[in-house]
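Reader: I should like to learn how aromatic pairs and helices are read from a set of coordinates. May we work through one case together?

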Amino acid sequence: MKRHLLEAADLDRADATLVLDTAAQIDQALAGREVKKLPTLRGRTVVNLFYEDSTRTRISFELAAKRLSADVINFSAKGSSVSKGESLKDTALTLEAMGSDAIVVRHSASGAPHRLANWVRGSVVNAGDGTHEHPTQALLDAYTIRRRLGRLEGVRVAVVGDVLHSRVARSNVRLLHTLGAEVTLVAPPTLLPVGVGSWPAEVSYDLDAVLPKADVVMMLRVQAERMNASFFPSAREYSRRYGLDGRRMGVLGDDAIVMHPGPMNRGMEIAAEVADSPRSTIVEQVGNGVSVRMAVLYLLLGGAPS
C-alpha cells in the first residue's frame, strides 16, 4: 500500500484484496480470544482528527487502533484551538510535533485530507471529506459483501438514493468496480451529480426495475443537512419512489442482501422491517468496520511491505 489512504482510487485490485484478506486474518486471530488485542502497533500513536460529528467512524477507528495496541488521541474541533481560529495546517503540525504516526481525518471540506498529506510526515487516512470520498467505508462494505456472498467478481450492486451528496457512493463505485462488481446507481435525476456518466457504473431512475437483478442493495441516507434546495417533492414521495420497504424486499433474489452505511432515516429510505430483517447487514457492517480499519492501520504502520 501507499503511505496514505485518501480515496478509493489509491487502491488497485491487489491492494484492496490485501486489505480484505488482512481483515479476515485479523478476525480469525481474534476469534475466541478473551482479550481482543494484538501487540502489532505498540508504541505507535494514532490521532483521530474529526472536524465533523461522527459516532460510528470515530469509535470504529479508535477501537481499531486500541486493539492493535496503539496509543490513541481523539481530537474534536469543538472545544479546541480551532474555535479560536487555528488552521488545519497548524493543528496538524502541532499533533505531529507531539509524535503522531498516523492522522485519521474527517472534514467538511472536500480535499482536506489531501492537503493534510502534504504537510505531515506520517500517514493520513481519510475518514470522510465533504461530499468527496470515504474509502474505509467502501472497504468494509466490500468485506461485508464478500463474507455474505463469498465473492465480489460479477456481484450486481444497486446503490440507491442520495448519490449527489454521498461520499460513500463515490468510494463504493470506484472500489467495487476495481474488485470486479457491477454497480448501478438508482436515484432521481436531481440527486445524481454532474458527470455521473463518466463513473464506472450504470444509471437508472427506476428502483423497481433494478431490484430483481440485484445481489446487493445499498441504501444511502438522504442527507437533508447538506441540501439547500428542494431536490424532491416530499419525504413521502421520495419514500414511495426510492424507499426500500417489505414489498420491494420481497422481489429480491433468495441470497440478496441489504446494506446501509448509517445512520438511517427509518421509514424514509428504508423501512424498519427491512433494516431489522435477516437480509440486512447493517449491524455486521459496523463490526466489520473495526476489522477493516485495523487492517488499514496495520498495513500503513505495521511494517508490512508496500
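Reader: How many aromatic pairs does a search of the whole structure find?

Author: The model is a predicted one. Searching the whole structure yields two aromatic pairs. Ring planes under 30 degrees apart count as stacked, over 60 as edge-to-face and the rest as tilted. For Tyr-51 and Phe-75 the planes stand at 45° and the ring centres 6.3 Å apart, so this pair is tilted.

Reader: Which parts of the chain does the pair link?

Author: The pair links distant parts, 24 residues apart. Tyr-51 belongs to the loop between strand 1 (45-50) and helix 2 (56-67), while Phe-75 lies in strand 2 (residues 71-76). Both Tyr-51 and Phe-75 are buried.

Reader: What are the planes and centres of the rings of Tyr-238 and Tyr-242?

Author: Their planes are at 40° and their centres 5.9 Å apart, so this pair is tilted. Tyr-238 and Tyr-242 are four residues apart in helix 8 (residues 235-242), and therefore separated by about one helical turn. Buried means under 20% relative accessible area. Tyr-238, at 2%, is therefore buried, and Tyr-242, at 4%, counts as buried.

Reader: What should helix 6 span at 1.5 Å a residue?

Author: The twelve residues of helix 6 (residues 167-178) should span 16 Å, and the end C-alpha atoms are 17 Å apart, which agrees. Nine of the twelve residues are buried, including Arg-167, Val-173 and Leu-176.

Reader: Which residue caps the N-terminal end of helix 6?

Author: Ser-166 does, with a side-chain oxygen 3.3 Å from the backbone nitrogen of Val-168. Following helix 6 is Gly-180, which has a positive phi near 95°.

Technical notes:
Residues numbered from 1 in each chain as written. Predicted model: local features only at pLDDT ≥ 70, side-chain atom pairs only at ≥ 80, totals over all residues. Heavy atoms only, no water. Helix = DSSP H or I, 4+ residues; strand = E, 2+ residues; numbered from the N terminus. Expected span 1.5 Å × (residues − 1). Buried < 20%, exposed > 50% of the residue type's maximum accessible area, 1.4 Å probe, protein only. Polar contact = N/O pair within 3.5 Å; in protein donor to acceptor, adjacent residues only side chain to side chain. Phe/Tyr/Trp six-rings, centres within 6.5 Å; stacked < 30°, edge-to-face > 60°.
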